[in-house]
Amino acid sequence: MPPRATAPRPVGTVTRGTTNPNRLRRMDRWIAAVHGAELRRAADPVAVDLGYGAAPWTAVELLHRLRTVAPHARVVGVEIDPARVAAAQPYARGGLDFRHGGFEVPVAEPPLLIRAANVLRQYDEAEVAAVWQRLCARLAPASGDSRGGLLVEGTCDEIGRRHVWVALGPEGPRTVTFATRLGSLRLPSDLAERLPKALIHRNVPGEPVHAFLRDFDRAWAAAAPYASYGARQRWMRAVRDLTADWPVSDGPVRWRQGEVTVRWEALAPRA
């Protein structure tokens with residue numbers, strides 16, 4: 001009798017698995033706003049929650065939030081730890097599935113979205129580019145009016161007050177988004193501790209991300225008179241001032257949410 005075939009070993013390593021309900025709300029809200037049209041246009045839009053952790057809350061929430069903009073969206077939660085996959089199965093339902101896997105992304109069809117939050121934080125900076133390349137190669141390709149799938153990779157704190165992520169398409173990195181609960185913000189540079197792995201070690205003099213956060217703090221200080229109207233108005237004024245020197249790619253609708261998005265090439269690490 002020939003030996004039984006074994007499934008390929010998932011690519012990657014097990015993460016801490018820390019997760020909390022509503023932790024990724026800022027990222028999900030942004031995805032729905034900027035990628036919702038792509039998801040709606042697809043006949044069978046598939047999204048992957050890569051490395052959802054010890055509990056499946058983020059995958060359940062992602063399905064709910066995507067379906068507010070794309071009613072036919074499906075979510076596949078992917079975890080490298082088999083025990084976590086087994087624990088998530090009671091939450092599976094129509095449009096929500098859980099699978100064992102890693103960076104190889106074990107879905108048959110190229111997904112329109114891969115969300116990888118707090119996954120690469122434990123990896124070395126030198127490993128990030130290869131992971132990005134591998135995940136981007138799994139995205140649905142651009143065609144016609146479609147820019148293709150979207151990879152959203154970043155880091156947030158334990159309850160989702162501060163979050164920074166990079167958005168990548170099949171062609172590579174596009175933007176960096178900074179998002180925060182404005183009522184808890186002291187300085188914009190407080191977001192530095194949540195920079196994704198590709199940038200967190202580059203927050204030093206001479207690197208673009210350091211210069212951006214420095215200028216953001218200065219704009220925040222100059223906007224202090226607007227604090228009497230609330231933290232949101234102060235943030236919006238500071239971001240508006242930033243646009244004079246930095247390629248901010250969103251506008252007041254997103255700024256009001258405590259977000260600002262900058263083109264990747266402006267913040268990319270120097271060689």
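Biologist: At what angle do helix α1 and helix α2 pack, and how far apart are their axes?

Modeller: Happy to start there, with the reminder that this is a predicted model. Helix α1 (residues 25-41) meets helix α2 (residues 57-67) at an angle of about 45°, and their axes are 9 Å apart.

Biologist: Why are α1 and α2 called oblique to each other?

Modeller: Angles under 35 degrees count as roughly parallel, and 65 to 115 as roughly perpendicular. The angle here is about 45°, in neither of those ranges, and α1 and α2 are therefore oblique to each other. As for handedness, the crossing of α1 past α2 is right-handed.

Biologist: Which residues make the contact of α1 and α2?

Modeller: From α1 come R25, D28, I31, A32 and L39, while α2 brings E61, L62, R65 and L66. By class, that contact has five nonpolar and four charged residues, with no polar ones.

Biologist: What makes α6 oblique to α7?

Modeller: Helix α6 (residues 208-222) and helix α7 (residues 231-242) pack at about 125°, with axes 8 Å apart. Roughly perpendicular runs from 65 to 115, and roughly antiparallel needs an angle over 145. An angle of about 125° fits neither, so α6 is oblique to α7. Here too there is a right-handed crossing, with α6 passing α7.

Biologist: Which residues of α6 and α7 are in contact?

Modeller: On α6 they are F212, D215, F216, A219, W220 and A221. On α7 they are A231, R234, W235, A238, V239, D241 and L242. Sorted by class, this contact has ten nonpolar residues and three charged ones, but no polar residues.

Biologist: Let's turn to the open spaces. How much space lies in the largest pocket, and which residues lie nearest its centre?

Modeller: The largest pocket holds about 370 Å³ of space. Its lining has 23 residues, and R16, T18, R23, N118 and V119 lie nearest the centre. Strands β1 (46-50), β4 (113-117) and β5 (150-156) each give at least two residues to that lining. Its classes are six nonpolar, ten polar and seven charged.

Biologist: And what lines the second largest pocket?

Modeller: That pocket has about 300 Å³ of space. It is lined by 15 residues, with W30, V34, R147, L150 and R174 nearest its centre. Two elements, α1 and β7 (172-180), give two or more residues to this lining. The largest share, six residues, comes from α1. The lining divides into five nonpolar, five polar and five charged residues.

Biologist: What makes a space a cavity, and how many of 30 Å³ or more does a search of the whole structure find?

Modeller: A cavity is a set of points where a 1.4 Å probe fits but cannot get out, whereas a pocket is open. The search finds one cavity of 30 Å³ or more. The largest cavity has a volume of about 110 Å³, which is why it passes the cut-off of 30 Å³.

Biologist: Which residues are closest to the centre of the largest cavity?

Modeller: They are T13, G51, I80, G102 and V119, out of 14 residues that line the cavity. By class, the lining has seven nonpolar, six polar and one charged. You may recognise V119, since this residue is also among those nearest the centre of the largest pocket.

Notes: Residues are numbered from 1 along each chain as its sequence is written. This is a predicted model: local features need pLDDT of at least 70, side-chain atom pairs count only at pLDDT 80 or more; totals for chains, interfaces and linings use all residues. Side-chain values use heavy atoms; hydrogens and water are left out. Axes are lines fitted to C-alpha atoms, for helices over the stretch in contact, and angles run from 0 to 180 degrees between N-to-C directions. Helices (H or I, at least four residues) and strands (E, at least two) are DSSP runs, numbered from the N terminus. A crossing is left-handed if the near helix is turned anticlockwise from the far one by less than a right angle, and right-handed if clockwise. Contact means heavy atoms within 4.5 Å. Ala, Val, Leu, Ile, Met, Phe, Trp, Tyr, Cys and Pro count as nonpolar, Asp, Glu, Lys and Arg as charged, and the others, Gly among them, as polar. On a 1 Å grid over the protein atoms alone, a cavity is a set of points where a 1.4 Å probe fits but cannot get out, and a pocket is an open set with protein on both sides within 12 Å along at least five of seven lines; lining residues have an atom within 4 Å of a point.
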